[in-house]
Amino acid sequence: MLRLIKLFIITTIFTFNYSVAAAVLDYQAAADDINARLDKTVQLYASGDPVQAKNTVQMAYFEVFEGLEGPIRINYSRQYAYQLEAKFGEIRKMISNQAPIGDVQQHVDWLKTQIASVPSILESGTQLIAETADIHQASILPYWREQVLTIERLVNQGLASYRTSAQAETEQAKQQKLEAAVKLIQQAQFNAYKNSDLETAIRLNRSGAKAAQYNDMFKTMIGLANQPYSMQHLVAFGYQVATLTQGLKDDLPGLPATRDDQQPTQDDDESVTQQNWQSVITGIDAAIAQAIDLYQQGQIADAMMAVQDTYFDRFESTGMENAIGARDTALKSELEGYFTRLVSLMKARSGLADIQAQQQALSRALEQGATMLGDNNSQGIWAMFIASLTIILREGLEALLIVAAITAYLVKNEHADKLYIIKNSVVVGVGLSLITAALFQWLFTNAGASREMLEGVTMLIAVVVLFMMSYWLLSKVEATHWKQYLENKLSRSLTAGSIVGLWFASFLAVYREGAETVLFYYALGADGSSDSLIGIFGGLGVGIVILTIIFFLMRYSVVKLPLKPFFIFTGGLMYLMAFVFAGKGVLELIEAKVFNPTLIEAVPQISLLGVYPYVETLIPQVALVAAAILALIVIQRQGKQIA
């Protein structure tokens, strides 16, 4: 039955996507739509609404023209495709600079004329062919694939640096952008093309002329990047980037190795179906660059949404987030932080330099993550053992501390007969964690925001429960007549409300950590060999033994504390967990796109305590501190009344 349901969902999505694609590729309808939007652009600008005019021409490009750009480039001319693309940007820039309406109308009329001729150009040839070769096909050596993907990423970054030089506020900043573009192109040429022996392989197995042609393209791009920005230069630069990367990809199938160390290993053969992290990084870099372009054009909300979509659609849904998190949670948190800070900086309308600095830091961290994943894939059983052990200890310790504290409380107050309540909550928490993780993995493409939302809401509910339990425990500290307290029958009986509270606190602690832990292990084992799986299960087993020892040490040591220190310890631990969950819970909601963060530069990030430099995460934590102060005042007054 489940298979039928899943097949129905996949079929529905495929049918919908196919219908949308078919609609986009109706060339005449697309051309008519673009020209109608261009007419509306002129009308809006003439009526004194430049903001909407600029937005209209931008949407004509992003929503419609991008669907035609590929067919134009393939069936007619790449140069022509870039000329049309540049004209959209030129019109937008004229509107931003408040150019005369006559000048704007002149450029719009030229573009409309060109767009009107597009359907006949496209319909006279092939309707649509693959824009690029399948770079992941079996006939392409993984070594060459990595070099070409690296070239593609670097030259596109160089193009982006050249394009953004136009927005630099000072001549020095412009020159730095141009120099950065030159450096990126040189890195692509010398590191990934020449030093990798790709140039030699093409010269020996394709032709010397072709190898020289690629060098000329690099030289042309460097020459363009050394010149001040102009729209004509940008078009030429983009043409060279597209021609170079397309040509290299076309030459890869069947290209033999030039050295033995370039030959695929057994691990490479097993990883044919594995995720290519370099291609994921290339997609993320391109998507973030497009988001920054939107930001520069004044489309703040769209830019923030584009960054968040990149996080879910490219970083999380490809499995890269979980794969990194399974091996290095600090790096995973660092990467998430870059996405969040990009959104917060855009929301604050920060300077372009600050946003681009975050973009570059994100790109470097992604490269670090890809390197780590590649290294771990080759290290085998011991790398997987350490990663597996780290996951279970890291994710299980928080839940264990809360469960152990509640267990110690029941034992200390002679309610050992109620321990089955905690056992039940743990079993239910583990069971629901498995079910939740399975559902998210089953529909993984839609799991991103939903998963972050669930984690965030669960944490915030846990904050309320843990704070109430903390107050309840700490309120016992000021009971001065301990003998009276111990003899009081109410203290030795649990109400229905307190039983539910204890069960719920234990359940939320396990459930919050459980689902994420399962997904981490899935990511860790998804690309593992049989030896790696042995390492994973070995690490898991050892981790469970260690956690069990910690539990019993805490269970039998804490209960020996005198009552006052005992209540201070357990109540303080639960309050600390509530404080941490408050910050992390709101951060999960930010990542789920519930709201956008407001950055506070002066606040440091302390992930261990759940402290993040955002107004939204700090508000509930400040409220918790205020509530704690108020609770302590109330507890002290109650103690004096008892005395």
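Here are some notes on the predicted model above, for someone meeting it for the first time.

1. Start with the overall make-up. The chain has 643 residues, and buried ones make up 50% of them. As for secondary structure, there are 24 helices and zero strands. About 29,900 Å² of the chain is exposed, with carbon and sulfur atoms supplying 61% of that area.

2. Now for how the chain comes back to itself. Take the contacts with a separation of 6 or more: 80% of them are between residues 24 or more positions apart. Points 8 and 9 pick out some pairs that are worth finding on screen.

3. What does UniProt list as "transmembrane region"? The entry, which is unreviewed, gives residues 381-409, 421-444, 456-474, 494-512, 532-554, 566-587 and 618-635. It's worth checking one of these spans against the model. Residues 618-635 are 100% helix and 0% strand, and the C-alpha atoms at the two ends lie 25 Å apart.

4. Next, the nonpolar cores. The largest one holds 71 residues, and the members that touch the most others are Phe88, Phe315, Met320, Met346 and Leu362. Helix 3 (residues 50-75) gives the most to this core, contributing ten residues. A second core, separate from that one, has 38 residues, including Leu184, Tyr193, Ala211 and Val235.

5. Met346 deserves a closer look. Which residues does Met346 touch, not counting those up to four places away in sequence? The list runs Ala291, Ile292, Tyr295, Ile300, Ala303, Met304, Val307 and Ile355.

6. Salt bridges come next, and a search of the whole structure turns up 13 of them. Asp33 and Arg37 make one, at 3.0 Å from N to O. Both of these residues sit in helix 2 (residues 27-46), four residues apart, or about one turn of the helix. Asp33 is partly exposed, with a relative accessible area of 29%. Another salt bridge joins the side chains of Lys112 and Asp39, at 2.5 Å from N to O. Lys112 belongs to helix 5 (residues 101-123) and Asp39 to helix 2, so this pair ties together parts that are 73 residues apart in sequence. Lys112 is partly exposed, at a relative accessible area of 21%, and Asp39 is partly exposed too, at 31%.

7. There's a further salt bridge between Glu199 and Lys194, with 3.3 Å from N to O. Are its two residues buried or partly exposed? Glu199 counts as buried because its relative accessibility is 14%, under the 20% cut-off. Lys194 is at 26%, so that residue counts as partly exposed. Elsewhere, Arg206, Lys210 and Asp251 are joined into one network by salt bridges that share partners.

8. Ala408 is in helix 17 (residues 381-412). At 1% relative accessibility, Ala408 counts as buried. Where does Met554 come in? Along the sequence, Ala408 and Met554 are 146 residues apart, yet in space their C-alpha atoms are 7.9 Å apart.

9. Tyr511 makes a similar case to look at. Its place is in helix 21 (residues 496-526), and with a relative accessibility of 13% Tyr511 counts as buried. The C-alpha atoms of Tyr511 and Met459 are separated by 9.8 Å, while the two residues are 52 residues apart along the chain.

10. Thr245 lies in helix 10 (residues 231-251). Why does Thr245 count as buried? Its relative accessibility is 9%, and the cut-off for buried is under 20%. If you leave aside neighbours within four places in sequence, Thr245 is in contact with Glu152 and Val155.

11. Last, a spot on the outside. Leu576, Ile606, Leu608 and Leu609 form a nonpolar patch on the surface, and together they have about 360 Å² of accessible area. Of these, Leu609 lies in the loop between helix 23 (563-591) and helix 24 (615-642). Leu609 has a relative accessible area of 34%, so it is partly exposed.

Conventions: Residues numbered from 1 in each chain as written. Predicted model: local features only at pLDDT ≥ 70, side-chain atom pairs only at ≥ 80, totals over all residues. Heavy atoms only, no water. UniProt positions renumbered as here; feature names shortened; annotations may be inferred. Patch = residues over 30% accessible without salt bridge, like charges linked within 9 Å, V, L, I, M, F, W, Y side chains within 5 Å. Areas by Shrake-Rupley, 256 points an atom, 1.4 Å probe, with all protein chains shown as cover. Salt bridge = Lys/Arg side-chain N within 4 Å of Asp/Glu carboxyl O. Buried < 20%, exposed > 50% of the residue type's maximum accessible area, 1.4 Å probe, protein only. Core = buried A, V, L, I, M, F, W, Y, C linked by side-chain atoms within 4.5 Å. Contact = heavy atoms within 4.5 Å.
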